[in-house]
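Student: Could we go through this structure together? I would like to begin at the surface and then turn to the sheet.

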Amino acid sequence: MDKQQLWQRYQDWLYYHEGLGVYVDVSRMRFDHGLVTQLTPKFEKAFADMETLESGAIANPDEGRMVGHYWLRAPELAPNDDVRKEITEPLANIGEFVQKVHAGTIKPPTADKFTHVLSVGIGGSALGPQFVAEALSDVDPPMVIHFIDNNDPAGIDRVIEQIGDHLKNTLVLITSKSGGTPETRNGMLEVKNAYESKGLAFEPNAVAVTMPGSKMDKVAVDDKWLARFPMQDWVGGRTSELSAVGLLPAALQGINIDEMLVGAKEMDEATRVKDLKTNPAALLALAWYHSGNGKGEKDMVVLPYKDSLLLFSRYLQQLVMESLGKEKDLDGNTVYQGIAVYGNKGSTDQHAYVQQLREGVPNFFATFIEVLEDGRDTLFEIEPGVTSGDFLSGFLQGTRQALFENNRDSITITIPQVNPRIVGALIALYERTVSFYASLVNINAYHQPGVEAGKKMAASILDLQTKVQTVIKETSEVLDMATLAEKAGSPDEVESVYKIVRHLAANGRGVSLEGELTDLKTLKVSAS
């Protein structure tokens, strides 16, 4: 296409939301009219599927759950009064709680005021709050937030060390829907130990964000934690940012959560329009389908050209990959669906991997996130008439053009600025896009059997470790790996046994390895 044709295509396919000031440009995705015609019946079904979802139908048959994260910003759409109360009451309670924390009415037992927040969670309970904190928190917020989102002992220690003497005035949010997620439970126990090692009580500083009646909820009640906020049964972790999971930590940082909900609601309304060309989420789903032939054959590279949106790609990584990465479709056919997502930020990526994007394996499509306002009050020109923001804009436009000229497709989403309303809108836009795409390819976006399988495997390894430790402790002789595995009752798990004892030995856990580490056949194990 020549530039005049591209300009016409840009005009034909550009979506603009006047109220939000958001543009969605799919003109540099090379789909044609034939694909649009082919997908029209599928989009009609996708629009109908969304209506069914929002009306309260069981959308996750594996768990017998509705999927209603859209109701979080529009309680009036919830299917009954009980569900509406599950939204409005926690939201009011968050506002009241945060106001009292900021005022010092709710305070820790050994300090005048809570000044720090420590959020402990995993997956959706961590990625959403982290993204929003990076995007929207002020340089000098009313409360400084820290995160523990992994079971890395060194990483946990580093966070505790960063908090330092502020631990006594730190509000700890423990977020787990089921209350039994091992990573979150372990993080809670690590933090509790940190408090106790400093002679501090953990419970007066602890807040549970969990489903009522969960294991975590019962612990919070029995141990008299400071507060509890509910997670709704019908909200999944990766779509929970606009529930108490994300709203509580955001509000504690002074972020306007009402505006986040307003932006999400506005975008939800736009993405309910039953017309492909005037529905921004449908346009994105069309672009995704085209790029990967409806089979996820190309990766999604997310390049936000704004430092504050650094974590957007990580947030989308979970939302997209956990929702769409499925072995079976709704008819039970093996389809191996999914779209791989990665990214960092522009223009940093132009010095990292854009070389491969332009000239290497054409196994991706790019998504540029453009922010129109530079976010600076005072004008400073690097060169006459040119600012750093102008350079950043030029880098984006230049990269987009350079990719297209070498047959690499891209989407560009343009927003006026990074603020709570726009961030809420972005979250809603991608939540709906995932739903539409899942309908197009006939999969369930709202269950995650692969995640559960990994958890079960991890539990079996830890169970084997307990048996191995018992054998080593009760046996005076030196054992080879095969004999140790047999005595532990798992003769076929020699490799797992080897990795268990290697880890125990490396950490001084009562195990010694004898022999050459490179000769696994002769390596022996004994108690140390």
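**Surface and sheet**

Tutor: This is a predicted model. In it, F395 is partly exposed, with a relative accessible area of 35%.

Student: Which helix does F395 lie in?

Tutor: F395 belongs to helix α13, which covers residues 388–405.

Student: And which residues make the nonpolar surface patch?

Tutor: The patch is made by F380, I382, F391 and F395, and its area is about 360 Å². F395 can count towards a patch because its 35% is over the 30% relative accessible area required.

Student: Now the sheet. In what order do the strands come?

Tutor: The order is β6-β5-β7-β8-β9. These five strands form an open sheet with parallel pairing.

Student: Which strands stand at the edges?

Tutor: The edges are taken by β6 (144–148) and β9 (227–230). Each has a single partner strand, so one side of each is left without a neighbour in the sheet.

Student: How are neighbouring strands turned against each other?

Tutor: On average they are turned by 20°, with direction ignored.

Student: How many bridges join β5 to β6?

Tutor: Five bridges join β5, residues 116–120, to β6, and the two strands run parallel. H116 stands opposite V144 in β6.

Student: Which strands does helix α3 touch?

Tutor: Helix α3 (residues 81–103) packs on the sheet and touches β7 (170–175), β8 (206–210) and β9. The direction of α3 makes about 145° with that of β9.

Student: What about helix α7; where does it lie?

Tutor: Helix α7, residues 215–222, lies across β7, β8 and β9. Helix α7 runs at about 150° to β8.

Note on methods: Residues are numbered from 1 along each chain as its sequence is written. This is a predicted model: local features need pLDDT of at least 70, side-chain atom pairs count only at pLDDT 80 or more; totals for chains, interfaces and linings use all residues. Side-chain values use heavy atoms; hydrogens and water are left out. Two strands pair if DSSP finds at least two bridges between them. Helices (H or I, at least four residues) and strands (E, at least two) are DSSP runs, numbered from the N terminus. Axes are lines fitted to C-alpha atoms, for helices over the stretch in contact, and angles run from 0 to 180 degrees between N-to-C directions. Contact means heavy atoms within 4.5 Å. Patches are made of residues with over 30% relative accessible area and no salt bridge: like charges are joined within 9 Å, nonpolar side chains (Val, Leu, Ile, Met, Phe, Trp, Tyr) within 5 Å. Accessible areas come from the Shrake-Rupley method with a 1.4 Å probe; for residues, only the protein chains shown count as cover. A salt bridge is a side-chain nitrogen of Lys or Arg within 4 Å of a carboxyl oxygen of Asp or Glu. Buried means under 20% relative accessible area, exposed over 50%, partly exposed in between (1.4 Å probe, protein chains only).
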